[in-house]
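Work through the exercises below with the model open. Try each task before reading its solution.

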Amino acid sequence: MKRSIYSFLIIIILYFIGSIIYTIISAYKVPENNLDSFLKSEDRTPKRFVVFLGDSITHGTVSHNYVQSLSEEPNLKKFTFVNEGINSRLTYQILEKLDDTIRLAPEHIFILIGTNDAKASLNEEEYEGYHSLWNLPEVPTISTYEKNLRKIVSLLKAETNAKIHLISIPVLGESLDSTPLKQSITYSNIIRNIAKESNSYYIPLNETLVADLKNRPNRTGNTYSRNIMKMYWIIFKHFGLFQSWDKISDQSDLIFMTDGIHMNSRAGKILEDMIQKDLKE
């Protein structure tokens with residue numbers, strides 16, 4: 001009897017250890033269709049590249065993978081999708097990928113960056129988290145974000161023939177009166193202004209999500225706050241316990257976000273529809 005109990009406990013322990021390892025590998029796995037993979041490929045067949053530059057929301061391992069979903073659309077098979085999204089990136093890291101983007105000569109470039117820039121400027125704790133990861137050259141502010149994004153767009157406009165599409169960032173949390181969500185609106189306004197001034201395409205993701213939340217007056221919403229353990233627990237529930245991002249959102253009474261930062265498929269599908277519209281024009 002005791003031996004059976006011990007065997008059962010060992011199986012449970014091994015399962016959780018295996019699940020944790022699988023979660024870590026899955027969460028940080030670099031997209032196979034990233035810039036580097038195509039630049040190093042020996043395949044010289046002409047392709048209509050669509051490059052997505054971004055952070056974890058574009059990376060798609062800890063958020064709904066909208067790039068992968070778009071690549072599976074039958075009416076978009078003429079394009080080759082390039083996922084240059086990596087978890088925790090700010091505009092500084094996107095600047096480092098511009099030379100590679102230019103070398104690929106894409107037909108379209110979609111840029112969804114700013115969530116981490118906005119978070120890093122919320123408070124000292126947020127900043128220190130990003131600084132320890134990236135050794136940032138300066139303290140991120142709204143001004144540095146605007147400067148960096150302008151430089152990104154300017155260089156891509158000057159050095160490529162690609163159509164540039166700027167996407168406003170998702171909401172930070174879902175409490176309309178909270179500082180983080182207002183911060184996401186402020187940063188999205190910068191994105192919209194730069195798109196207009198540079199004659200780039202603009203995708204109003206933030207505005208669309210905010211408008212929907214405003215139409216739910218009986219919901220108080222969920223305020224975003226930094227909680228690393230909660231974020232990793234949510235990621236584990238997806239990979240280790242096989243829960244969908246939508247189910248995880250429902251458990252926290254969230255409509256579009258899983259942890260206040262990353263998108264579920266409800267938000268992802270909204271973005272996909274707007275991207276498809278741009279690609280058809």
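**Exercise 1: Arg 150 and its partner**

Arg 150 is partly exposed, at 33% relative accessibility. Here buried means under 20% relative accessible area, exposed over 50%, and partly exposed in between (1.4 Å probe, protein chains only). The model is predicted: local features need pLDDT of at least 70, side-chain atom pairs count only at pLDDT 80 or more, and totals for chains, interfaces and linings use all residues. Residues are numbered from 1 along each chain as its sequence is written, and side-chain values use heavy atoms, with hydrogens and water left out.

Task: find the residue with which Arg 150 forms a salt bridge. A salt bridge is a side-chain nitrogen of Lys or Arg within 4 Å of a carboxyl oxygen of Asp or Glu.

Solution.
- Step 1. The partner is Glu 197, with the closest N and O atoms 2.6 Å apart.
- Step 2. Place the two residues. Arg 150 lies in helix H9 (residues 142–159) and Glu 197 in helix H10 (residues 179–197), so the pair links distant parts of the chain, 47 residues apart. Helices (H or I, at least four residues) and strands (E, at least two) are DSSP runs, numbered from the N terminus.
- Step 3. Check the partner's surface. Glu 197 is exposed, with a relative accessible area of 54%.

**Exercise 2: a salt-bridge network**

Task: state which parts of the chain the salt bridge between Glu 125 and Arg 226 ties together.

Solution.
- Step 1. The N to O distance of this salt bridge is 3.6 Å.
- Step 2. Glu 125 sits in helix H8 (residues 124–134). Arg 226 sits in the loop between helix H11 (205–214) and helix H12 (228–239). The parts tied together are 101 residues apart in sequence.
- Step 3. Glu 125 is exposed at 52% relative accessible area, and Arg 226 is partly exposed at 28%.
- Step 4. Shared partners join Lys 119, Glu 125, Glu 126 and Arg 226 into one network of salt bridges.
- Step 5. Set this in context: the whole structure holds 17 salt bridges.

**Exercise 3: strand E1**

Task: decide whether strand E1 (residues 48–54) is largely enclosed or open, and find the strands that pair with it. Two strands pair if DSSP finds at least two bridges between them.

Solution.
- Step 1. Six of the seven residues of E1 are buried, so the strand is largely enclosed by the rest of the structure.
- Step 2. E1 pairs with strand E2 (residues 79–85) in the parallel sense, over seven bridges. Val 50 stands opposite Phe 81 in E2.
- Step 3. E1 also pairs with strand E3 (residues 108–112), again parallel, over five bridges. Phe 52 stands opposite Phe 110 in E3.

**Exercise 4: the nonpolar cores**

Task: how many residues has the largest nonpolar core? Such a core is a set of buried Ala, Val, Leu, Ile, Met, Phe, Trp, Tyr and Cys residues joined through side-chain atoms within 4.5 Å.

Solution.
- Step 1. The core has 56 residues. Those with the most contacts inside it include Phe 52, Phe 81 and Ile 111.
- Step 2. Its largest share, six residues, comes from H10.
- Step 3. Follow Phe 81. Beyond its neighbours within four places in sequence, its contacts (heavy atoms within 4.5 Å) include Val 50, Phe 52 and Leu 279.
- Step 4. A second, separate core has six residues, among them Leu 90 and Tyr 127.

**Exercise 5: helix H12**

Task: compare the span of H12 with the expected value, which is 1.5 Å times one less than the number of residues.

Solution.
- Step 1. The twelve residues of H12 should span 16 Å.
- Step 2. The end C-alpha atoms are 17 Å apart, which agrees.
- Step 3. Buried residues of H12 include Met 231, Ile 235 and Phe 239.
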